[in-house]
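Please examine the following structure with attention to its surface, its sheets and its charged pairs. The paragraphs below take these topics in turn.

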Amino acid sequence: MAKSNRPLRPKHLHKEQSEAETKGTAHYSKNIYWTILMTYRPFLGQIGLCLFLGIFGRALLLANTNIIGFWVDSLVGKSTPLNQMSSVQIVELLLTMTLVGFSMTLIFRVGFSRLSAKAISNFYDEVTLRTSRLPMGFFDTTPAGRIITRFSSDYGNIFRLFGGPLAEFISIIFDLIMMVVLIGIANPIYLIFVFFIGLVNLLVYRLNRDHLRKVRRDLSASRSPSIAHFAETTQGASTIRSFRRQDSFIERFEDLDRYYLGQKLYTTREIIGFSFQMNSMSSLLLLITGVAAYFMVEKNWASIGSVGVAFSFIALSGNTVQMFFEWLTQFEEAMIGVERLDHYLRMDIEKGNKLPSTAHFQTGHPVYESDAERKLSQQRLTEDANASVEIKNLWFRYREDLPWVLKNLNLEIKAGERLGIVGRTGSGKSSLIQALFYLYPIEKGEISIHGHHPQINGDDAGAIDLNLYRKAMAFISQDPILFRGSLRFNLDVENVFSDEKLRAVLQQVGLWDWVDTQALKLNMPIEENGKNLSLGERQLLCMARCLLQQSPIVIMDEATSSVDPKSEEILVRATEEFFAHRTQIIIAHRLSTLAKCDRILWLQNGEIFELGPTDEVLPRFKKAELV
Ligand SMILES: Nc1ncnc2c1ncn2[C@@H]1O[C@H](COP(=O)(O)OP(=O)(O)OP(=O)(O)O)[C@@H](O)[C@H]1O
Ligand SMILES: [Mg+2]
């Protein structure tokens, strides 16, 4: 078959980028059949019942043709099982069979589609549970567009096909089975023709299968670069506009999109070619069957009724067999989606983390027991208002192939202490925070809070649960993160605090007077990233959220030195008022913010350059910065 005109990789898509998506052969990995079994397992009983009704319903509907065949034969005087029945009785029988068959088919189609949709949404949940617990390195190295494509376009394909057309596909299989049985009852000689129709279509399918799989996989992969580019462009819209680079971004998008559309056209062309081959073969076989039927009646080898029945079934089966293979290729597309999500389902999750007890697929990942999970949600690392932090011989890097970012750090932050961290850009300040949370694997050294370090490798008797450990720290980045939803949702995602409690923290950070003037008060809407709030309001809301958490350790990272005076004032108030008794770790570029700290840690190239009382270290750092 023609394999020319395949779209060329666009100049904006690097070879590695396009290949990372399409790697793999024309065959699926064995895992995905197991995954599909896991997906449907909770519904197997109900699905079995639906399938039974489905096949019985199709049998009743199709058997009408046999009854009509017998009727025709009995009218021309042959002996048939219907000889004893009057015409009215036969019509009644036909009507009853149609009605019952139709109802059963309907129950099967609706019931099965519903169950299948439920099963598939479970699959989605299970993949989400695991993806949200993948190591940070995965998110660093995987473009967001690729993840979004898998969870939107690939999942959309799976849901669309498994949620409805799968029932249709199974109906087709039932039809084929029933046709073979019913043709056998009418006139077994015709089974030879059915066999040939099936064989020829299978051959055409086998010849096309690998190529079509590959084409579909390429199509699927060609989508994510343009989506990723689109997402990046909307996020960076203001920067692109200020640098007047709209045209190059549009050109890049057009280039990537043209590639996707080219793949789409190419795929459609290949699929139409495949249908054409099947159509031609089926028509040819039908012609041969018709001519053969004529001679069989002529030679008296078969009755008119039985030939009529067999011929109508064969005409129908040619079509049905073809539909079967066309659907099969449609399902290939959904299977590619399953395969791509299945890849996320099986990746190793972050070391030390576990899946929640609601995860049911046995993928070999550690899972919380529901009792332990419930206990843990109520547990705290310490009931004290503050906690100490011990860092011992800490070496930290983001990945094994990257250089060390923190080198042999040793320090202890006392409970209730206020520690300021300074250092040139890139000196490792934010990385120390990542390490404190164990967001990346710590290969050498150890960090503990209140004398506890987290359980990472599973064989450490003195260690505590990673999530319990993390709960002891609250992190406020100076780039406040807010979500679309109500103010209440942003403060209290899990919906556990009373209105009074929320009001009290808002009063504490000085926001209540403002909230009180809003028509919807706590239910006022917050736009994406808090766009409808000022930066100061956003920061104060994040402080309020942090206060609700009551973590003994509060970490603040002032991302850049260009924050406005209002933000600095909020940071100072936070350290002195809101979190007065907590242990505080503050990264600040504006040194005035750190004046009230107990001690200053000065980092240089990932090493402790100085650590000591604020009034000693801060002036020296200031002086060094001025040089
Ligand atoms: N996710 C990451 N993956 C790989 N390397 C990283 C990552 N984040 C930071 N780095 C590298 O780690 C080093 C330290 O970065 P870090 O963000 O800790 O600096 P910083 O002291 O917080 O700087 P700034 O004052 O600019 O915020 C830098 O060389 C940086 O390139
Ligand atoms: Mg930083």
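On the surface of this predicted model, a nonpolar patch is formed by Met-281, Leu-284, Leu-287, Ile-288, Val-291, Tyr-294 and Phe-295, whose accessible area together comes to about 690 Å². One member of this patch, Tyr-294, belongs to helix 10, which spans residues 246–298. Tyr-294 has a relative accessibility of 52% and therefore counts as exposed, given that the term applies over 50%.

The discussion now turns to a sheet. Three strands make up an open sheet in the order 2-1-4, and their pairing is antiparallel. Strand 2 (406–413) and strand 4 (444–449) are the edge strands, since each of them pairs on one side only. From one strand to the next, the twist averages 10°. Strand 1, covering residues 389–396, is joined to strand 4 by 5 bridges in the antiparallel sense. Within this part of the sheet, Ile-391 has Ile-447 of strand 4 standing opposite. Helix 13 (residues 429–436) packs on the sheet and touches strand 1, strand 2 and strand 4. The direction of helix 13 makes about 110° with that of strand 1.

Strand 2 also contains a residue with a notable backbone angle. Asn-408 is located in strand 2, and its phi is near 50°, a positive value in a residue other than glycine. With a relative accessibility of 41%, Asn-408 counts as partly exposed, because that class lies between the limits of 20% and 50%.

A second set of pairings involves strand 10. Strand 3 and strand 10 run parallel and are joined by 4 bridges. Here Val-422 has Trp-602 in strand 10 as its bridge partner. Strand 10 is also joined to strand 11 (residues 607–613), in this case by 6 bridges and in antiparallel fashion. Arg-599 stands opposite Pro-613, a residue of strand 11. Strands 10 and 11 form a hairpin with 2 residues between them. In the turn of this hairpin, Asn-605 has a positive phi of about 50°. How many of the 6 residues of strand 10 are buried? The number is 5, so strand 10 (residues 599–604) is largely enclosed by the rest of the structure.

A positive phi is also found at Gln-550, where the value is near 50° in a residue other than glycine. Gln-550 is placed in the loop between helix 18 (535–549) and strand 8 (553–557). Its relative accessibility of 42% makes Gln-550 partly exposed.

Charged pairs form the next topic. The structure contains 22 salt bridges, and three of these pairs are described here, beginning with Arg-399 and Asp-401, whose closest N and O atoms are 3.1 Å apart. Arg-399 is partly exposed at a relative accessible area of 34%, whereas Asp-401, at 59%, counts as exposed.

Another salt bridge joins the side chains of Glu-625 and Arg-424, with an N to O distance of 3.2 Å. Which parts of the chain does this pair tie together? Glu-625 lies in helix 20 (residues 614–626), and Arg-424 lies in the loop between strand 3 (418–422) and helix 13, so the salt bridge links parts that are 201 residues apart in sequence. Glu-625 is partly exposed, with a relative accessible area of 36%. Arg-424 likewise counts as partly exposed, at 48% relative accessibility.

The side chains of Arg-488 and Asp-499 also meet in a salt bridge, at 2.0 Å from N to O. Arg-488 is in helix 15 (residues 487–491) and Asp-499 is in helix 16 (residues 499–508), so this pair ties together parts that are 11 residues apart in sequence. Is Arg-488 buried or exposed? Its relative accessibility is 16%, so Arg-488 counts as buried, the cut-off being under 20%. Asp-499, by contrast, is partly exposed, with a relative accessible area of 41%. The surroundings of Arg-488 can also be listed. When its neighbours within four places in sequence are left aside, Arg-488 is in contact with Asn-495, Phe-497, Ser-498, Asp-499, Leu-502, Leu-522 and Asn-523. This list includes Asp-499, which is also the salt-bridge partner of Arg-488.

Key. Residues numbered from 1 in each chain as written. Chains lettered and ligands numbered in written order. Predicted model: local features only at pLDDT ≥ 70, side-chain atom pairs only at ≥ 80, totals over all residues. Heavy atoms only, no water. Patch = residues over 30% accessible without salt bridge, like charges linked within 9 Å, V, L, I, M, F, W, Y side chains within 5 Å. Areas by Shrake-Rupley, 256 points an atom, 1.4 Å probe, with all protein chains shown as cover. Salt bridge = Lys/Arg side-chain N within 4 Å of Asp/Glu carboxyl O. Buried < 20%, exposed > 50% of the residue type's maximum accessible area, 1.4 Å probe, protein only. Pairing = 2+ DSSP bridges. Axes fitted to C-alpha atoms, helices over the stretch in contact; angles between N-to-C directions. Contact = heavy atoms within 4.5 Å.
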